[in-house]
Amino acid sequence: MNDDAEQQLSTASASYATAQLAKAFVTALTHADPETRARAENRGRSWRAVLSGMADGSLSVGSRTPVAGLPVWVTPEVVRGGFATGDACAGGPLQPYEIEAARAAGVPAERRALFQHCLTEAGLARLQALLDSGRYEVAVPEEAALLTVAWLVRAGEVSAAVQLVATIAPFADRLRFTPRPCDTPLPDNAAVHRRTVAEAGVSLARRRPNPAVEAQREALTVWQPFGDQLLDHWLETAGSGRVLEHAPGADWNRRGTQLLSNYAELAATYTRCTKHRKPKENLAILRVALEETIAGRPLDRRSLGLLRHAVESMVRRRGLPGSDRHRALRERQAAHAGLPSHHALAQLVLRRLSELPQDVGAADIAPLVAPVTEPEHRDTGLPTGAAVPAALRHIVGASTSAPIDVLVERGLIPSAEVLAELVPQLVAATTAQAYTDETLRTLMTVHYRAFRNRRSLLLLNLQRQTQYEELPWVRALTTQHRPESTAESAHAALRQLGELAVRGFPGTILPNPLIRELAMLVRQAELGAPLVEELAADIFMGTFTPKFLVAARVAGELLAGTLYDRYYGIDYAAVRNLAVLEAGEGLLRSGSARTSPGFARLCVARAGTKVNEWSVAANGKVIEQAQILTTHNLATLVHRVGVTPGPRWDDLARCAARTVCRLVARVHGNPRPLSTIKDAAYAWRQTVFYLSLCTPTTQQAFLTWLDEETERQPAHAAARLAPVVAGLRLVADGGTFAAHDTAAIDTRNEVLPRQFMGWTTGRHWMRDEAWVLRLITIEDIDRATPP
């Protein structure tokens with residue numbers, strides 16, 4: 001990376017942090033919700049720390065060790081964008097459990113004192129008792145350190161324990177190395193959950209009564225019945241159908257006075273609905289007229305007209321009070337108003353959740369979202385049989401604890417990103433199977449989950465995120481107590497997760513967190529299956545690690561000569577030769593050069609950019625070519641891992657194509673459509689990949705289906721998709737794309753085949769509205785012309 005690019009990145013980092021601080025500051029000052037303001041204020045403090053650290057040099061943006069004085073294994077506090085704040089996640093004030101542990105041990109409430117006590121005979125015995133019970137939590141990896149020491153001592157690995165203590169002791173006064181006791185042991189490893197029961201409860205507790213709904217409920221239960229009383233009272237004065245034909249008597253005035261008194265009490269008590277206060281509303285007109293009449297002030301001509309119009313319109317719309325039509329209407333409205341609010345039902349579900357263990361998921365959510373029972377009716381007043389609304393069922397459903405494939409099938413995992421959040425729970429169990437000791441398996445499972453909660457840092461120069469094996473306590477265990485091989489179980493888990501990702505989200509590229517977990521399983525399964533991450537265009541260094549070239553070679557083994565190869569114009573023989581050449585030069589061997597210069601040159605040449613050109617768009621074009629050559633892990637999963645999703649490949653192609661259609665439909669009128677176009681192009685690439693694994697006959701059937709599918713789209717989406725579909729058909733029929741073709745329709749108003757790419761350094765052809773509107777007009781004329 002050249003000096004200009006480094007300067008641009010440095011400036012961009014400071015600008016980004018300043019913008020985030022300003023955004024948090026505005027939110028903290030102006031937001032209506034106090035909790036949101038408080039969270040924004042905390043974010044503001046974090047961003048001020050980032051900027052301060054960048055200014056005084058205590059923070060090094062882009063480094064694996066961004067905080068001066070903290071080694072790579074310390075978990076840094078990281079805010080949005082991968083910026084470290086300078087604090088450690090295991091630092092800060094003493095936690096309540098630490099204070100209680102210090103009190104029970106009879107030592108000062110200081111971290112170093114507690115650390116030293118844990119190394120005594122009594123302290124080690126307490127830690128070993130926690131290991132045996134499994135009733136502990138590890139929120140950050142550092143909290144597993146002293147448990148590891150205790151296990152090593154009991155296993156007779158005293159020298160390893162001493163060495164580990166020597167490594168972490170210098171930070172004993174700053175970081176917490178003790179675990180958190182809890183009431184329940186680790187749950188079933190085969191089940192995962194998006195949220196714990198406690199987290200679902202927090203979401204339910206945050207639900208407040210909807211002001212608009214409660215105002216409507218008040219209108220139906222309070223003000224409409226009162227309006228009926230006023231109307232009925234005025235109708236007593238009617239003769240020949242007109243109000244005030246009969247003069248009010250003393251009894252009418254007395255009852256009218258009582259109505260006005262009732263109104264004053266109601267208005268003071270029920271304040272949600274304010275409609276009755278508006279002068280032009282019928283209820284207000286009737287009330288004001290009654291006040292004037294009771295006070296002995298005759299109504300003027302205008303007021304009398306308003307009164308009669310209000311009475312007549314109320315009777316015309318609802319019928320006379322007491323009539324069948326009026327009674328039926330009020331009964332329907334009363335039934336509607338009697339429905340329990342979402343807030344009240346949320347409180348009921350919260351009561352149900354409170355009876356379950358809070359730090360795990362719920363194995364069966366059906367009882368939690370069942371209709372109100374008779375005992376619950378007696379306790380809460382909610383009507384028996386009232387159903388829990390879908391919004392609340394969705395919140396509780398996220399806490400479902402079940403095998404991950406079951407959650408995908410039930411639609412409880414809506415995206416590949418959410419899948420990536422859950423995968424560490426499974427990989428933790430697979431990783432821990434390598435250890436024969438049950439207490440050690442539990443410790444490593446809990447610890448791995450905590451490690452995967454580390455937020456990724458912003459890294460430059462192709463640096464790697466901190467690896468699991470780099471943590472001193474993990475290294476101590478793997479060095480002194482070498483785990484057994486788990487290749488078979490890791491391969492099974494890898495294949496299962498790969499199939500879930502491809503089958504569940506065929507139009508989405510694998511997110512980086514999921515790739516990291518799959519890569520861990522690849523290492524455990526001892527497979528030569530290179531998995532590559534999605535690189536960020538704004539910090540791209542213009543180079544690739546050797547595994548990108550290896551992944552491209554794997555893709556060539558699967559796809560050479562296929563539709564995918566021809567659509568993207570790939571010379572996979574040249575890729576193979578390049579891989580052989582760099583392997584011969586030692587560039588692809590582990591521990592040698594960390595980059596593949598040949599692969600970088602190939603991507604730059606295919607992107608049509610200059611070697612020293614640096615811009616986000618130019619970087620994006622180069623990165624996209626790398627994704628095309630490697631299929632962004634799809635070929636590796638299929639060819640090396642053995643992924644065979646349940647649906648046929650053409651079914652996956654149809655699912656991915658629907659994703660393309662949905663995304664392209666969002667381009668029209670979108671002021672910032674480039675990210676949507678990029679995602680659509682990525683989904684299209686996956687469509688072409690799946691289709692390439694089909695027979696030519698199946699491919700032609702797919703193209704027929706695709707024509708029908710695009711015709712069902714909105715006109716603007718169908719117009720944008722037409723060149724894309726034409727390009728696929730061109731290649732399927734043996735043709736190739738014209739070089740440097742930039743138009744979507746030619747001067748004869750014919751659609752030109754286009755190769756769909758997501759990145760461009762100019763204006764993307766799919767973004768332009770002029771040719772789209774022109775093509776829509778042409779198609780409308782064609783459809784209107786009789787054959």
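## Rings that pair up

Two aromatic rings from Phe, Tyr or Trp (for Trp, the six-membered ring) count as a pair when their centres lie within 6.5 Å. With that in hand, a search of the whole structure, which is a predicted model, turns up 25 aromatic pairs. Take Y16 and W47: their rings sit edge-to-face, 5.9 Å centre to centre, with 75 degrees between the planes. This pair links distant parts of the chain, since Y16 belongs to helix α1 and W47 to helix α2 (residues 34–56), 31 residues apart. How much of each partner is accessible? Y16 is partly exposed, with a relative accessible area of 28%, while W47 is buried, at 3%.

Now look at F226 and Y263. Their ring centres are 5.9 Å apart and the planes meet at 35 degrees, so this pair counts as tilted. An angle of 35 degrees is neither under 30, which would be stacked, nor over 60, which would be edge-to-face. F226 is in helix α9 (residues 211–235) and Y263 in helix α10 (residues 250–269), so the pair ties together parts that are 37 residues apart in sequence. F226 is buried, with 3% relative accessibility, and Y263 is buried too, with 9%.

## A ring cluster, and a charge over a ring

Further along the chain, ring pairs join Y564, Y567, Y568, W649, F689, Y690 and F737 into a cluster. That's a nice spot to find in the 3D view.

Which residue lies over the face of Y682? It's R685, at 4.8 Å from the ring centre.

## Salt bridges

On to charged side chains: the whole structure holds 31 salt bridges. One of them joins R254 to D251, whose closest N and O atoms are 2.5 Å apart. Both residues lie in helix α10, 3 residues apart, or about one turn of the helix. Why does that spacing suit a pair of side chains? An α-helix has 3.6 residues a turn, so residues three or four places apart point the same way. R254 is exposed, because its relative accessibility of 52% is over the 50% cut-off. D251 is partly exposed, at 41%. The two also belong to a wider network of salt bridges that links E236, D251, R254 and R255.

R287 and E291 make another salt bridge, with the closest N and O atoms 3.1 Å apart. These residues are both in helix α11 (residues 282–294), 4 residues apart, again about one turn of the helix. Is R287 buried or exposed? R287 is buried, with a relative accessible area of 11%, whereas E291 is partly exposed, at 31%.

Then there's K275, whose side chain meets that of E281 in a salt bridge, 4.0 Å from N to O. K275 is partly exposed, with 47% relative accessibility, and E281 is partly exposed as well, with 27%.

## A covered helix

Helix α28 (residues 634–641) is mostly covered, with 6 of its 8 residues buried. Which ones are they? L634, A635, T636, L637, V638 and V641 are the buried residues of α28. They pack against a whole set of helices: α21 (487–504), α23 (546–559), α27 (616–630), α29 (649–664) and α30 (674–692). Just after α28 comes G642, which takes a positive phi of about 90 degrees.

## Where A525 sits

A525 is part of helix α22 (residues 512–525), and it is buried, with a relative accessible area of 8%. Which residues does A525 touch, leaving aside its neighbours within four places in sequence? Its contacts are A487, A490 and H491. The C-alpha atom of A525 is also 6.8 Å from that of T486, although the two residues are 39 apart along the chain.

## A nonpolar patch on the surface

Back to helix α1 (residues 3–30), where L29 lies. L29 is exposed, with a relative accessible area of 58%. Together with F25 and V26, L29 forms a nonpolar patch on the surface, and the accessible area of the three adds up to about 320 Å².

Definitions and conventions
Residues are numbered from 1 along each chain as its sequence is written. This is a predicted model: local features need pLDDT of at least 70, side-chain atom pairs count only at pLDDT 80 or more; totals for chains, interfaces and linings use all residues. Side-chain values use heavy atoms; hydrogens and water are left out. Patches are made of residues with over 30% relative accessible area and no salt bridge: like charges are joined within 9 Å, nonpolar side chains (Val, Leu, Ile, Met, Phe, Trp, Tyr) within 5 Å. Accessible areas come from the Shrake-Rupley method with a 1.4 Å probe; for residues, only the protein chains shown count as cover. Helices (H or I, at least four residues) and strands (E, at least two) are DSSP runs, numbered from the N terminus. Buried means under 20% relative accessible area, exposed over 50%, partly exposed in between (1.4 Å probe, protein chains only). Contact means heavy atoms within 4.5 Å. A charge sits over a ring if NZ of Lys or CZ of Arg is within 6 Å of the ring centre and within 35 degrees of the ring normal.
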